[in-house]
Amino acid sequence: MTTANALYDVPGPKTRKRHRLYGIASTAVILGLLGWILYLLFDTDQFTYTKWMPFEYKGIQELLLRGLGNTLKAFGLAAVLSLALGTLLAVGRLSDHRPVRWLSTLVVEFFRAMPVLVMIFFIFVALKVQPLPALVAGLTLYNGSVLAEVFRSGVNSVERGQREAAFALGMRKVHVMSYVLVPQAVRAMLPAIISQLVVALKDTSLGYLITYEEFLHAGKLIASNLDYDLPFIPVVMVISPIYIGMCMLLSWFAGWVSRREQRSPKTEAVDVAPAEPGTLLPRVQ
Amino acid sequence: MNVLTDNFSTFGDGFLGTVELTLYASVLALVLGFLMASFRVAPVGSLRVFGTAWVTVLRNTPLTLLFFAVLLGLPRFGLVLPFKVFAILALGCYTSAFICEALRSGINTVPRGQGEAARSLGMSFGQSLGLVVLPQAFRSVIPPVGSTLIALAKNSAIAGAFSVTELLGTYRTLSELGYNIVWTFVWIAVGYLIITLAISALFNVLERKWGVAR
């Protein structure tokens, strides 16, 4: 690890001793920090029975599960729809017809530059749509636009010779795309696509702000219950590991796919994208 | 049109609120991100573990959950600050994880030979870092840091829903006053476009000045 970059030489015995000293000191500081947080938790009585009692009730458990189900439902819908929209917009941006290209570029750039929450609120408040469709529509517009850029850069990153060879064999554009470029591009871009889906999963929590009854909303309902002595911290301690765990699982999957595709002989003519969501810096040429 | 002219001060307050949030949170994110990036490449194991855990957890946390936990949770520990400070804290910590990754991959783009050559010339650790490695890393991190800060400006909209004065929150005041909601949102959108395009223009200038095609 330490020799993996340009920063250090292989340490000698003296340096190793010094590093060990630093290691012990920093471990002590970090453990102290954790201990302080634990002390604060006990000091403010977060581990009393009344505060953790609600999680024993079936009704509360069902409420949480229903919230989780609603989160996953919104995520599933948004994922499928934004993949569809992304494909459509990418086809538009790669079109041979200038008006189509301009129109899809405009759509993509606009929705990438807008905060996703502004779109969700616009659909929810101004168009007076129900929370779930509003959330899904907002997520679809944003993630679809980002995915369109991911698809497009994937197709463009396939080695030029592939396209030229396909055209030289007399294939039409549709065939060049569907038999040669897109299969390679999708393989290469799969990690980036999955990472963008992690963003979509994280953003489903915005539904909380427009009163969609998702996971966070269920947590809020329990946390504001006076009967259980306002168990806010316990609720956060239950909800966040589940939420973060789901996202981590999906991120880890993206990383796994990335490593796998890099080894695959089918991606020789294209660079596999790292497992990171699409970057966003509008190009001002 | 008169939605804007009648309520210029409301929009102005919101706009300035968003700019302020973005600015302070950017500073916090850059400082924390730099710290975490240096932790992640440090030769000390426990710091590396800490940096990695920080980045992995925050990158996979929904920002709304973080806002929820920070703005409504920290007061339970007796820490009472204005909501704006909490919002800056949440935004800054969240974004620092992404800044850290951008900086770290920037350091990794510097070829190993550069550091080795610097040391073989007898440069100390500080010299090889400050004169050779970091200047080259800086050039390649401009675009990713720019896009991260744009994402930060857009994420600041969430603060509005937790009753911090910012641009998106202005719609509530204006719809109570009975103004056309669609036009209100058009001007809010224009405000966000101004901010994101300004950041993007700034980073394009930086990149033209210092960026390098590698």
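## Where chains A and B meet

In this predicted model, 44 residues of chain A are in contact with 54 residues of chain B. Three helices of chain A each supply at least two residues of the side that touches chain B: α1 (13-43), α5 (116-126) and α10 (232-263). Which of them gives the most? That is α10(A), with 9 residues.

The chemistry of this side can be broken down too. Of the chain A residues that touch chain B, 31 are nonpolar. Another 11 are polar, and 2 are charged.

## Chain A: build and spread

Chain A has 10 helices and 0 strands. Read from the N terminus, its elements therefore run α-α-α-α-α-α-α-α-α-α. Why is chain A described as more spread out than a compact globule? The radius of gyration is 25 Å, while the globule rule gives 19 Å for 285 residues. The value for chain A is well over that of the rule, so the chain is more spread out than a compact globule.

The overall dimensions come next. Along its principal axes, the C-alpha trace of chain A spans about 75 × 70 × 35 Å. Of its 285 residues, 41% count as buried. Among contacts in chain A with a separation of 6 or more, 75% join residues 24 or more positions apart.

## Two domains in chain A

The domain assignment splits chain A into domain 1 (12-44) and domain 2 (49-267). Taken over C-alpha atoms, the centres of these two domains of chain A are 38 Å apart.

## Helix α3 of chain B

Helix α3 of chain B covers residues 45-59, which makes 15 residues. At 1.5 Å a residue, the helix should span 21 Å. Its end C-alpha atoms are 21 Å apart, so the expected and modelled spans agree.

Which residues of α3(B) are buried? They are B:L47, B:F50, B:G51, B:W54, B:V55, B:L58 and B:R59. Seen down the axis of α3(B), the buried residues fall within an arc of 140°, so they line one face of the helix. The spacing has a general basis: an α-helix has 3.6 residues a turn, so residues three or four places apart point the same way.

What covers this buried set? The cover of the buried residues of α3(B) includes elements from both chains. Chain A contributes α1. Chain B contributes α2 (8-40) and α5 (83-109). Helix α1 of chain A also appears in the contact with chain B, where it is one of the helices that supply at least two residues.

How values were computed. Residues numbered from 1 in each chain as written. Chains lettered and ligands numbered in written order. Predicted model: local features only at pLDDT ≥ 70, side-chain atom pairs only at ≥ 80, totals over all residues. Contact = placed C-beta atoms within 7 Å. Helix = DSSP H or I, 4+ residues; strand = E, 2+ residues; numbered from the N terminus. Nonpolar A, V, L, I, M, F, W, Y, C, P; charged D, E, K, R; others polar. Rg over C-alpha atoms; globule rule 2.2 N^0.38 Å. Buried ≥ 20, exposed ≤ 12 C-beta atoms within 10 Å, placed from the backbone. Expected span 1.5 Å × (residues − 1). Arc of directions from axis to C-beta. Domains from an automatic or database assignment.
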